[in-house]
Amino acid sequence: WENTITSPVILLGIYLIAVVFLLCSALVWWLYYIRTKKILYKLAALNKKEAEELVTRHFARIEHRMAQGHEMAGTPNGQFWLVVCTLNRKEYLAQALQSLRQYEPECRLLVVDNGSTDGTREYLARCMEDGTVNKVLLNRYTDVPQWQKAYGLQQAFRLLALEECEYVGWMDDDVRVYRPFVTTVRNLLSTLEKDHVRLVSLLTDERQNAVHETLEHRTVDGTEVRIKNSFNGAFVCFRAELLREIGLPPLREGCDNLASEDWYYSRLFGEKKFPLAALDVAEHMVAQDSM
């Protein structure tokens, strides 16, 4: 027995069987892995649209029930307030504010800085001195709990509740305005009110048109307008009274699309069946960097 089990031929056979078994096991595992991966990718692709519809139908309804209206003065005086949130982007911010002042010098500005260390705060101090901006809010970076713009808008709209204004909105710190827009926004919100249009997006480039589908092209008093169901959050305006219905963007929800202010409001608009108007009056200078 001992001579048989230790025979070189027998040992070689055992080794070969073990190697074949291991190779077959590895091959089966690899085929299983590849097939499972393909199935998961297919399921993800198939379920993407279903997931989006699920979010629209159910999650939006939950948000609608939880949304608390924010009381604004909504005084019918035609006054515009724009909010700009920024962090360490002094050069872009300067271009954004200068372009806005060039085309809409009467528009009132509130800038929220979330802890800049690149000279932005000193620049904003000079802007306060020369009247480029009307109000400034300064945060420490460590005190901003989440998606910076949603937090900044919460602060800004709470402060602007003290002001008598009819229109409010926000603009990213890397948006350059290249034509007047205040009169057009007023006219659109008035003319399209019968179509339940409650918000105007002022940036509609190729990238945004690909993401946010155009439902209809309209011409209102000579102005070309796109009607959409969702919008890019870089530059928007609306009547201050709308915040009584849609409330303020979410806080402490993490940094993802569900928590960002544009998708949050788009979901609410979809649930309420509110379309919006999109105009081409500005450019997003560094959209990819913003991502």
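## Helix α2 and a surface patch

Leu 31 sits in helix α2, which covers residues 8–66. The model is predicted. Leu 31 is exposed, because its relative accessible area is 52% and the cut-off for exposed is over 50%.

Leu 31 also belongs to a nonpolar patch on the surface. The other members are Leu 27, Trp 29, Trp 30 and Tyr 33. Together, the five residues have about 580 Å² of accessible area.

## The chain as a whole

The protein chain has 291 residues, and 42% of them count as buried. Its secondary structure comprises 10 helices and 11 strands. About 16,400 Å² of the chain is exposed. Carbon and sulfur atoms supply 55% of that area.

How are contacts spread along the sequence? Take the contacts between residues at least 6 apart in sequence: 80% of them join residues at least 24 apart.

## Nonpolar cores

In soluble globular proteins, nonpolar side chains tend to be buried together. The largest nonpolar core here holds 39 residues. Which of its members touch the most others? They are Leu 97, Phe 181, Leu 202 and Phe 235. Helix α3 (residues 90–103) gives the most to this core, with five residues. A second core is separate and has 28 residues. Its members include Cys 85, Ala 156, Leu 242 and Leu 268.

Phe 235 shows how the largest core is joined up. Leaving aside neighbours within four places in sequence, its contacts include two other highly connected core members, Phe 181 and Leu 202. Leu 82, Trp 170, Met 171, Val 175 and Val 177 are also in contact with Phe 235. So are Val 200, Ser 201, Leu 203, Val 281 and Ala 282.

## A buried acid: Asp 173

Asp 173 lies in the loop between β4 (167–171) and β5 (175–177). Is this loop residue buried or exposed? Asp 173 is buried, because its relative accessible area is 5% and buried means under 20%.

The side chain of Asp 173 makes a polar contact with the side chain of Arg 89, at 3.3 Å. Beyond its neighbours within four places in sequence, Asp 173 is in contact with Val 84, Cys 85, Thr 86, Leu 87 and Arg 89. Tyr 92, Leu 93 and Ala 96 complete that set of contacts.

## Salt bridges

Side chains of opposite charge can pair when their charged atoms come close. The whole structure contains 10 salt bridges. One of them joins the side chains of Arg 176 and Glu 283, with an N to O distance of 2.5 Å. This pair links distant parts of the chain, 107 residues apart. Arg 176 is in strand β5, and Glu 283 is in strand β11 (residues 282–284). Arg 176 is partly exposed, at 29% relative accessibility. Glu 283 is partly exposed too, with a relative accessible area of 31%.

Arg 218 forms a salt bridge with Asp 195, and their closest N and O atoms are 3.2 Å apart. Arg 218 lies in strand β7 and Asp 195 in the loop between α6 and β6, so the pair ties together parts 23 residues apart in sequence. Arg 218 is partly exposed, with a relative accessible area of 24%. Asp 195 counts as partly exposed at 28%. Arg 218 has another salt-bridge partner, Glu 216, with the closest N and O atoms 3.8 Å apart. Glu 216 is partly exposed, at 37% relative accessibility. Elsewhere, salt bridges that share partners join Arg 89, Asp 173 and Asp 174 into one network.

## Positive phi angles in loops

Which residues other than glycine have a positive phi? His 196 is one of them, with a phi of about 70°. His 196 is found in the loop between α6 (182–191) and β6 (199–201). It is partly exposed, with a relative accessible area of 46%.

Asp 221 is another, with phi near 50°. Its place is in the loop between β7 (214–220) and β8 (223–228). Asp 221 is exposed, with a relative accessible area of 63%.

How values were computed. Residues are numbered from 1 along each chain as its sequence is written. Side-chain values use heavy atoms; hydrogens and water are left out. Patches are made of residues with over 30% relative accessible area and no salt bridge: like charges are joined within 9 Å, nonpolar side chains (Val, Leu, Ile, Met, Phe, Trp, Tyr) within 5 Å. Accessible areas come from the Shrake-Rupley method with a 1.4 Å probe; for residues, only the protein chains shown count as cover. A salt bridge is a side-chain nitrogen of Lys or Arg within 4 Å of a carboxyl oxygen of Asp or Glu. Helices (H or I, at least four residues) and strands (E, at least two) are DSSP runs, numbered from the N terminus. Buried means under 20% relative accessible area, exposed over 50%, partly exposed in between (1.4 Å probe, protein chains only). Contact means heavy atoms within 4.5 Å. A nonpolar core is a set of buried Ala, Val, Leu, Ile, Met, Phe, Trp, Tyr and Cys residues joined through side-chain atoms within 4.5 Å. A polar contact is a pair of N or O atoms within 3.5 Å; within protein, one must be able to donate a hydrogen and the other to accept it, and residues adjacent in sequence count only if both atoms are side-chain atoms.
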